[in-house]
Amino acid sequence: MRLWSPFFERSLSSQFSVAKSPVFHLDDDDDADAVYAMLKHMYGMTFNQHPDNFAHRVSRLQFLWKAYVVADKYDCPSMRLAIITRTERYLGNQISLDHHLVTARCTFYEDLIQAISKICGPDALQLACPGMRDAVFDWLCRNFDLCIQEEGFNMAVRDGTLLDAQ
């Protein structure tokens with residue numbers, strides 16, 4: 001665990017009681033599936049390749065974001081990178097070769113709007129590493145002309161809930 005996370009390295013090698021305790025308590029606010037994915041990643045089941053991380057997810061982008069928040073909080077750089085790579089691939093697969101959005105799933109726009117607002121919106125968390133925000137924003141810049149044609153996306157842009165001032 002220490003090898004994968006400077007946070008755990010500092011915590012477990014400190015003089016504080018947490019280093020001597022047989023149990024390391026994580027924050028109750030953390031998404032349990034995301035923490036589980038982080039622990040699997042740290043013990044050799046790479047986030048990007050483990051099928052449980054993507055099977056039966058209602059919203060892949062929402063899960064990727066929750067996992068990224070956990071990886072950022074516990075300073076696991078290799079997991080953050082794997083999540084960014086997976087996010088870029090997932091978003092890239094939503095665009096067809098002739099530059100049209102692939103709308104096989106009608107909920108994609110709803111998921112996209114919710115995820116973008118949590119990642120890039122005015123109420124988004126300010127994380128130590130902005131890599132996920134940058135990846136999503138770059139994809140959005142390249143595909144804004146397609147997304148803005150969808151009514152829900154257009155309304156979210158107009159009412160200011162989708163993107164922050166930056």
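A polar contact is a pair of N or O atoms within 3.5 Å, where, inside a protein, one atom must be able to donate a hydrogen and the other to accept it. In this predicted model, the side chain of serine 59 meets that description, reaching the backbone nitrogen of glutamine 62 at 3.1 Å. Serine 59 is found in the loop between H3 and H4, and it counts as buried because its relative accessible area of 10% falls under the 20% limit.

**Overall fold**

The protein chain contains 8 helices and 0 strands, so that, read along the sequence, its pattern is α-α-α-α-α-α-α-α. Of the 166 residues in the protein chain, 40% are buried. Among the contacts in the protein chain with a separation of 6 or more, 62% are accounted for by residues 24 or more positions apart.

**Helix H5 and its neighbours**

Helix H5 covers residues 77–92, and its 16 residues should span 22 Å at 1.5 Å a residue, which agrees with the 22 Å that separates its end C-alpha atoms. The buried residues in H5 are Met79, Arg80, Ala82, Ile83, Ile84, Arg86, Thr87, Tyr90 and Leu91, a list that includes two arginines alongside residues such as Ile83 and Leu91. Which helices do the buried residues of H5 pack against? They pack against helix H3 (32–42), helix H4 (60–73), helix H6 (108–120) and helix H7 (131–147).

**The largest pocket**

The largest pocket has a volume of about 170 Å³. It is lined by 12 residues, of which Asp29, Trp65, Lys66, Val69 and Leu125 are the closest to its centre. H4 gives the most to this lining, with 6 residues, and the lining as a whole divides into 4 nonpolar, 1 polar and 7 charged residues.

**Phenylalanine 137 and the segment after H8**

Phenylalanine 137 lies in helix H7 and is partly exposed, because its relative accessible area of 28% is neither under 20% nor over 50%. Leaving aside residues up to four places away in sequence, phenylalanine 137 touches Cys120 and Leu163.

Two residues of the segment after H8 can be described together. Threonine 161 has its place in the segment after helix H8 (151–158), and glycine 160 is found in that segment too. Threonine 161 counts as partly exposed at 43% relative accessibility, and glycine 160 counts as partly exposed at 36%. The side chain of threonine 161 makes a polar contact with the side chain of aspartate 159, at 2.8 Å. Beyond residues up to four places away in sequence, threonine 161 touches Ser117, Gly121, Pro122 and Ala156.

The table sets out C-alpha distances for residues that are separated along the chain.

| Residue pair | Separation in sequence | C-alpha to C-alpha distance |
|---|---|---|
| Phenylalanine 137 and isoleucine 119 | 18 residues | 8.8 Å |
| Threonine 161 and proline 122 | 39 residues | 6.6 Å |
| Glycine 160 and serine 117 | 43 residues | 9.4 Å |

Where does threonine 161 make its contacts, and which of the tabulated partners is among them? Proline 122, whose C-alpha atom is 6.6 Å from that of threonine 161, is one of the residues that threonine 161 touches. Serine 117, which is paired with glycine 160 at 9.4 Å in the table, is likewise among the residues touched by threonine 161.

Methods: Residues numbered from 1 in each chain as written. Predicted model: local features only at pLDDT ≥ 70, side-chain atom pairs only at ≥ 80, totals over all residues. Heavy atoms only, no water. Helix = DSSP H or I, 4+ residues; strand = E, 2+ residues; numbered from the N terminus. Expected span 1.5 Å × (residues − 1). Buried < 20%, exposed > 50% of the residue type's maximum accessible area, 1.4 Å probe, protein only. Contact = heavy atoms within 4.5 Å. 1 Å grid on protein atoms, 1.4 Å probe; cavity = no way out; pocket = protein on both sides within 12 Å on 5 of 7 lines; lining within 4 Å. Points joined across faces, edges and corners; volume = space filled by probe spheres on them. Nonpolar A, V, L, I, M, F, W, Y, C, P; charged D, E, K, R; others polar.
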